[in-house]
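Hi everyone, thanks for coming. Let me put the structure up on the screen, and then we can walk through a few parts of it together.

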Amino acid sequence: MSKVFKGRPVVAGTIQGKEAVVSHQGVNTLASFQKSALFKKKQVICSDQNNPDLYQKNLTDKVICLPKTIGSTTGGMVLYSVCAMGIAPCAMLFSEPIDSLAAAGVILSDVWVKDKTIVAVDNLGDAFLDYVKDGMKITVDEDGTVTVD
Amino acid sequence: MQYKMKLTPEEEGILNGSQGEVMAKVMKTLVLYGDAFGAERFVPVVGKGHLVTSFGLSVLQPVFDIMDELIGAGLKVEESFTADPRPIDYANVKCNLIEKLIFNKMMYGAQDPYEAQLHKLGLKGDDAFTCASYLSEVGNVPGKGDILSWAESSAVVYANSVLGARCNRNSGIIELFGSILGKVPEFDLLTDEGRKAKWIIEVKTTKKPEAQILGSAIGMKVMEDVPFIKGLDQWIGTELNEATKGYLKDMGAATASNGAVGLYHVENLTPEAVELGDALIREDAKVYVIDDAELQRVKNGYPNIWKDPNAKPERVFIGCPHLTFTQLGEWADRFEAELKAQGKTKVALNVVMTAAPGVLAHFKQDNKAGYDKLIAAGIKLTSICPLMYMNNPLCGKKAVVTNSNKLRTYTTARYFTDAEITTIAVKGEI
């Protein structure tokens, strides 16, 4: 059964039936993406040992569902870099208002990367993060409507 | 593009390309960034910038591409900027051949060309690499009320809290764009309302709290919110002197890294708390009481993630964030006393202390006795970033101990208090 949530599009875009990866704690961008990016892997395998929800999971082309991002102020440019390298998540769906580091990352990707973007929707609420589970299929509309199957 | 911010005709012109295509993209990025946080307008920045990105990490090629675009368009920071510390210093922080290979070929192979880019964009000088850019020796000291376009969480929280400047927790690149434009979108910590406290922290300890653990406890509790700290002045006084500033620097860095604090107020001490007092506290503020037991609980919760949890420590890092002139002197005295107590003349471990190039030069010149004590004890002084050193997977596997809660948070280093780490460094074991 589908369930629909409405958020605010920070970087608007459409996603059709992509797989969810869920973190119930703040996602440390640098810690999560750095190792795979450093070794120029074709996919990002989360390397943040402090995040049991995401650790060792594939994040590339997935829909990351999270409360917010945390950690180093390099976070935004790390997100931008993995987007430019073609190994970023396809979307980031925030239950809370977006934080300044994640906002920087998705906006930099939107403006400075050709032909690639990270769709971002925030303010989806705690109910969204309570409902969505790893592997569920996510559809995102331009207006920030998120459908979870 | 559609946007909500109210732009002046000049700003709108820039967005539409009056200063070229690249500057239009810089403006578009900042407008979208402002819109994401409900900013209504741009406000002018004052003084120099500070960049978090000081390392030529090969994987950041897309960042270097943006830099090239900016340089190609003739853009730069007119007021100049400082940047975080360099990643490596083989003379003072030894590495074996394989570690060097990883640093030079895989990690920081782009360091030299990246520094050349920074110079072209307005880097203040070759000695401008430090996370403690706000120290007088570095020459990037904001005034109260100055609007900044900085990144580096420890520098932002210090500038906001101790100096009363106004800066959001910006990401890398965004801070450079704001410095190039000379304006930033006005939201959150740039506004009076955004600087009000959502938490009251009541310090009820029986002794002066360890700055790094107090900051850690506060950060983990309040996350990105603004705390108003009561009861700390009884332990560190009501005067913003050099010793107090050092304490607040370390406490603040821990709040920013263990949580995401960008501003704290300390009753009767920090500038806005002195000026406005309880008026800075929101009516719905929550209360967090910190006593001895709470600090112990927080410290006991730090995991030991060494490959061999019982390993003998190999290296000690002191100075994340970079040490002040006064702190270097305090460490010289602390090590002198501990060496005497243990009947030794040199430390038993590889001890590395980090401070800004200008601070080290000041220390060597104006506290020669302290400098000589540290060197005679076998302690290495450098201006690198310990975090970037430990980003090397091989270096990260080493048994490193530190008095920095930031380094503990981002690496495998184990945290010990100032007193504990002095004993460990001299004794050679935990």
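In what order do the strands of the open sheet in chain B run, and is their pairing parallel or antiparallel? Before I answer, please keep in mind that this is a predicted model. The order is β11-β10-β9-β12-β13, so to speak from one side to the other, and the pairing of these 5 strands is parallel. At the edges sit β11 (380-382) and β13 (414-415) of chain B, each of which pairs on one side only.

Let's zoom in on one pair in that sheet. Strand β9 of chain B, residues 315-323, runs parallel to β12 of chain B, residues 400-402, and 3 bridges join them. If you would like a place to click, try R315(B): its bridge partner in β12(B) is V400(B).

Now let's step back to the domains of chain B. The domain assignment gives domain 1 (9-190), domain 2 (194-300) and domain 3 (315-427). Between the centres of domain 1 and domain 3 of chain B, taken over C-alpha atoms, there are 28 Å. These two domains of chain B do touch: 23 residues of domain 1 are in contact with 23 residues of domain 3. On the domain 1 side, helix α4 of chain B (residues 97-107) gives the most, with 5 residues. That side of domain 1 of chain B is made up of 14 nonpolar, 3 polar and 6 charged residues.

Next, the two chains. Here 27 residues of chain B are in contact with 25 residues of chain A. On the chain B side, α2 (21-36) and α3 each supply at least two residues, and the largest share, 6 residues, comes from α2(B). Sorted by class, this side of chain B has 16 nonpolar, 7 polar and 4 charged residues.

I'll finish with a helix in chain A. Why can we call α2 of chain A, residues 75-84, largely enclosed by the rest of the structure? Because 10 of its 10 residues are buried. Among them are G75(A), M77(A), Y80(A) and C83(A). What do the buried residues of α2(A) pack against? In chain A, they pack against α1 (29-38), β6 (69-70) and α3 (100-112), and in chain B against α3 (61-72) and α7 (174-181). One last detail for anyone looking at the backbone: just after α2(A), G86(A) takes a positive phi of about 80 degrees.

Thanks for listening!

Terms used:
Residues are numbered from 1 along each chain as its sequence is written. Chains are lettered from A and ligands numbered from 1 in the order in which they are written. This is a predicted model: local features need pLDDT of at least 70, side-chain atom pairs count only at pLDDT 80 or more; totals for chains, interfaces and linings use all residues. Domain bounds come from an automatic or database domain assignment. Two residues are in contact if their C-beta atoms, placed from the backbone, lie within 7 Å. Helices (H or I, at least four residues) and strands (E, at least two) are DSSP runs, numbered from the N terminus. Ala, Val, Leu, Ile, Met, Phe, Trp, Tyr, Cys and Pro count as nonpolar, Asp, Glu, Lys and Arg as charged, and the others, Gly among them, as polar. Two strands pair if DSSP finds at least two bridges between them. A residue is buried if 20 or more other C-beta atoms lie within 10 Å of its own, exposed if 12 or fewer, and partly exposed in between; C-beta atoms are placed from the backbone.
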